[in-house]
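Hello,

Here is the structure I promised to pass on to you. Please open it first, and then read the notes below alongside it.

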Amino acid sequence: MQPTTPLVLCVLLSQVLLLTSAEDLDCTPGFQQKVFHIDQPAEFIEDQAILNLIFSDCKGNDKLHYEVSSPYFKVNNDGSLVALRNITAVGKTLFVHARTPHAEDMAELVIVGGKDIQGSLQDIFKFARTSPVPRQKRSIVVSPILIPENQRQPFPKDVGRVVDNDRPEGSKFRLTGKGVDQEPKGIFRINENTGSVSVTRNLDRETIATYQLFVETIDVNGKTLEGPVPLEVIVIDQNDNRPIFREGPYIGHVMEGSPTGTTVMRMTAFDADDPATDNALLRYNIRQQTPDKPSPNMFYIDPEKGDIVTVVSPALLDRETLENPKYELIIEAQDMAGQDVGLTGTATATIMIDDKNDHSPKFTKKEFQATVEEGAVGVIVNLTVEDKDDPATGAWRAAYTIINGNPGQSFEIHTNPQTNEGMLSVVKPLDYEISAFHTLLIKVENEDPLVPDVSYGPSSTATVHITVLDVNEGPVFYPDPMMVTRQENISVGSVLLTVNATDPDSLQHQTIRYSVYKDPAGWLSINPINGTVDTTAVLDRESPFVHDSVYTALFLAIDSGNPPATGTGTLLITLEDVNDNAPFIYPTVAEVCDDAKNLSVVILGASDKDLHPNTDPFKFEIHKQTVPDKLWKISKINNTHALVSLLQNLNKANYHLPIMVTDSGKPPMTNITDLRIQVCSCKNSKVDCNAAGAPHFSAAAVLLLSLFSLARL
């Protein structure tokens with residue numbers, strides 16, 4: 001609050017609408033005294049005269065009417081200003097508006113020592129500063145018109161008058177502007193003969209605060225004689241709008257343990273009334289607090305700014321001891337500077353007491369027990385903790401760490417996000433024969449750091465004792481996988497290797513038997529007692545069961561436990577190639593035209609299932625014993641291809657040419673394949689091989705296909 005100081009003498013803002021003639025210039029219409037000063041009393045008493053006002057319109061004060069800016073006062077017919085009720089504070093300034101059909105004026109009452117207000121009606125009635133009371137003859141005399149908003153019936157009401165002392169006989173007044181002949185039309189009108197201005201309906205200052213009109217005089221033909229002269233209509237504000245909170249929802253947060261006076265949030269309301277008057281001067285207060293524990297006054301709101309602050313000690317803002325960490329405040333905003341007659345509006349402020357990490361997590365017990373079978377993995381025990389902080393925050397969420405007893409990293413611990421428990425898991429299978437017992441030391445912390453005056457104590461660590469149970473484990477092959485290399489085509493019954501499997505359950509002294517688990521080609525057998533693996537069929541590297549020269553088989557080792565346990569071992573046999581596959585040629589069919597100028601017939605390629613060096617370079621030959629030497633020729637192109645060509649044109653017919661191809665193996669292998677050649681009739685771009693009794697292939701197409709195959713090599 002600003003300290004109260006006496007008000008500086010204010011200059012009255014007044015204006016008089018004149019209906020005077022040249023003979024009335026010696027009389028000045030209006031209040032004889034414009035400004036009054038009185039000291040602020042302890043209380044204005046109802047119906048007790050405060051002062052007397054003297055107003056004259058120089059025409060007998062017919063139909064004199066007074067209006068006071070405060071609803072708590074009135075002016076009697078004799079000019080005495082009285083209070084309508086006992087009241088202590090009304091602000092620093094009152095205005096009294098007097099009006100007759102001939103004149104109007106404004107007087108100002110300055111209350112020395114009155115409470116400060118946001119503004120005054122002087123800001124609205126500023127026309128008085130620039131429009132002194134006329135004291136000389138002039139033509140059109142126009143003064144601003146003041147009209148209170150929300151006037152009641154009946155309408156129209158006379159609100160002012162325009163005077164033209166030199167108006168010619170037969171001339172008329174004309175009123176134009178927004179509110180007359182412009183939207184909103186028809187609000188104001190003027191008596192064209194007398195100049196009386198009237199309003200036809202009630203006004204709303206919040207819709208339009210001022211109207212800019214224009215007055216002129218016209219002759220009988222409508223021609224302007226004088227003007228237009230501006231006429232301002234000012235709508236006087238009434239307190240007809242409640243404060244409203246427009247920015248909700250209003251949610252504030254304050255950390256638990258915050259110092260007294262901590263600002264939580266600000267709430268401001270809006271009042272559509274004139275901000276220069278008490279009608280829009282708001283004051284705030286807290287109407288209700290829910291819950292009302294531990295104090296019914298946990299918060300305070302600055303009545304002028306709307307700032308909500310804490311007013312209790314930090315100890316009472318302990319989230320863990322509050323019944324509910326959420327408070328709801330009903331905030332009231334009241335205009336008229338909070339006076340009883342002011343209009344009110346309310347809104348709800350929700351204040352959350354936020355948690356800080358002022359409680360460390362504690363294990364519910366110092367020692368936990370767990371049991372797990374050897375070889376098993378997964379969660380073996382859930383460690384429980386207590387934490388008084390907010391479960392929705394990092395001040396409550398736990399983070400667990402194994403700080404001792406886990407050298408082999410066989411254990412891991414993770415937080416269950418729903419329960420905050422520590423889920424201790426085995427991630428590497430445990431071996432009973434190596435260690436039947438394990439002891440872990442585990443600590444728990446929060447995700448968020450603790451506040452400075454809180455630390456982790458002994459209750460933030462716990463011991464977990466783990467007992468490993470012995471189970472019948474399956475035998476283990478060593479090595480796994482087992483690998484041998486042999487030539488393909490070794491004799492049936494050849495021994496490949498003897499497998500070796502051991503039982504991890506060394507204390508149980510069990511026996512082991514062997515069997516074949518997967519042998520895709522059916523080539524192998526195993527001795528069930530000693531594990532000797534031998535062949536039962538010829539091993540073929542080119543078999544579809546062999547991949548990249550490796551054949552894979554699986555064997556089982558079964559112990560004598562109850563129930564028995566099984567182990568699986570893998571045998572990888574790498575097969576060395578021998579030259580056991582003869583090469584073959586492609587294609588085996590070709591055609592050529594009987595009148596071809598190019599005597600090339602086909603390019604032959606050769607392939608071999610064996611591996612190098614049992615494949616190329618290949619040797620291509622025509623089997624001499626059955627074919628005349630003078631018709632065909634074969635020429636080497638590269639290590640894998642050769643060209644077959646004619647030595648002369650042949651008649652249309654089918655020919656069989658035996659081709660002999662030999663690989664480079666030691667010893668080499670040879671294959672003889674008949675190449676069927678069709679000699680066709682080729683006339684007018686048509687190939688006819690029907691007489692040759694062969695399918696329709698052109699020599700060019702076969703040759704092109706062969707060249708494509710050659711290019712891919």
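K652 has a relative accessible area of 25%, and because the buried class covers residues under 20% and the exposed class those over 50%, this lysine counts as partly exposed. Its partner is D688: the two form a salt bridge in which the closest N and O atoms are 3.2 Å apart. The pair links distant parts of the chain, with K652 in the loop between β49 (641-646) and β50 (653-662) and D688 in strand β52 (residues 686-688), 36 residues apart. D688 is partly exposed as well, with a relative accessible area of 32%. Please keep in mind throughout that this is a predicted model.

How many salt bridges does the structure hold? The count is 15, and two others are worth a visit.

Start with R205 and D237, whose side chains meet in a salt bridge at 3.1 Å, N to O. R205 sits in the loop between β16 (196-199) and β17 (210-218), while D237 sits in the loop between β18 (224-236) and β19 (250-255), so this pair ties together parts that are 32 residues apart in sequence. Are these two residues buried or exposed? Both R205 and D237 are buried. They also belong to a network of salt bridges that links R205, E206 and D237.

Then go to E304 and R283, where the side chains meet in a salt bridge at 3.7 Å, N to O. Here too, distant parts of the chain are linked: E304 is in the loop between β22 (299-301) and β23 (307-310), R283 is in strand β21 (residues 283-290), and they are 21 residues apart. E304 counts as partly exposed because its relative accessibility is 36%, whereas R283 counts as buried because its value is 18%.

Now for the wider view. The protein chain has 713 residues, and buried residues make up 46% of them. It contains two helices and 52 strands, so do expect to scroll through many strand labels. Among contacts between residues at least 6 apart in sequence, 67% join residues at least 24 apart. The chain exposes about 36300 Å², and carbon and sulfur atoms supply 50% of that area.

For a look at one residue and its surroundings, try L175. You will find it in strand β14 (residues 172-177). L175 counts as buried because its relative accessibility is 7%. Which residues does L175 touch, leaving aside those up to four places away in sequence? They are V180, F188, R189, I190, L213, F214, V215 and L231. G195 is 20 residues away from L175 in sequence, and their C-alpha atoms are 9.3 Å apart in space.

Last comes a pocket. Rolling a probe the size of a water molecule over the atoms shows where empty space is left. The second largest pocket has a volume of about 320 Å³. It is lined by 16 residues, and R99, T100, P101, D158 and V159 lie nearest its centre. Which strand supplies the largest share of that lining? Strand β12 (residues 157-161) does, with five residues. By type, the lining of this pocket divides into four nonpolar, six polar and six charged residues.

Happy exploring, and best wishes!

Methods. Residues are numbered from 1 along each chain as its sequence is written. This is a predicted model: local features need pLDDT of at least 70, side-chain atom pairs count only at pLDDT 80 or more; totals for chains, interfaces and linings use all residues. Side-chain values use heavy atoms; hydrogens and water are left out. On a 1 Å grid over the protein atoms alone, a cavity is a set of points where a 1.4 Å probe fits but cannot get out, and a pocket is an open set with protein on both sides within 12 Å along at least five of seven lines; lining residues have an atom within 4 Å of a point. Grid points are joined across faces, edges and corners, and a volume is the space filled by probe spheres set on the points. Helices (H or I, at least four residues) and strands (E, at least two) are DSSP runs, numbered from the N terminus. Ala, Val, Leu, Ile, Met, Phe, Trp, Tyr, Cys and Pro count as nonpolar, Asp, Glu, Lys and Arg as charged, and the others, Gly among them, as polar. Buried means under 20% relative accessible area, exposed over 50%, partly exposed in between (1.4 Å probe, protein chains only). Contact means heavy atoms within 4.5 Å. Accessible areas come from the Shrake-Rupley method with a 1.4 Å probe; for residues, only the protein chains shown count as cover. A salt bridge is a side-chain nitrogen of Lys or Arg within 4 Å of a carboxyl oxygen of Asp or Glu.
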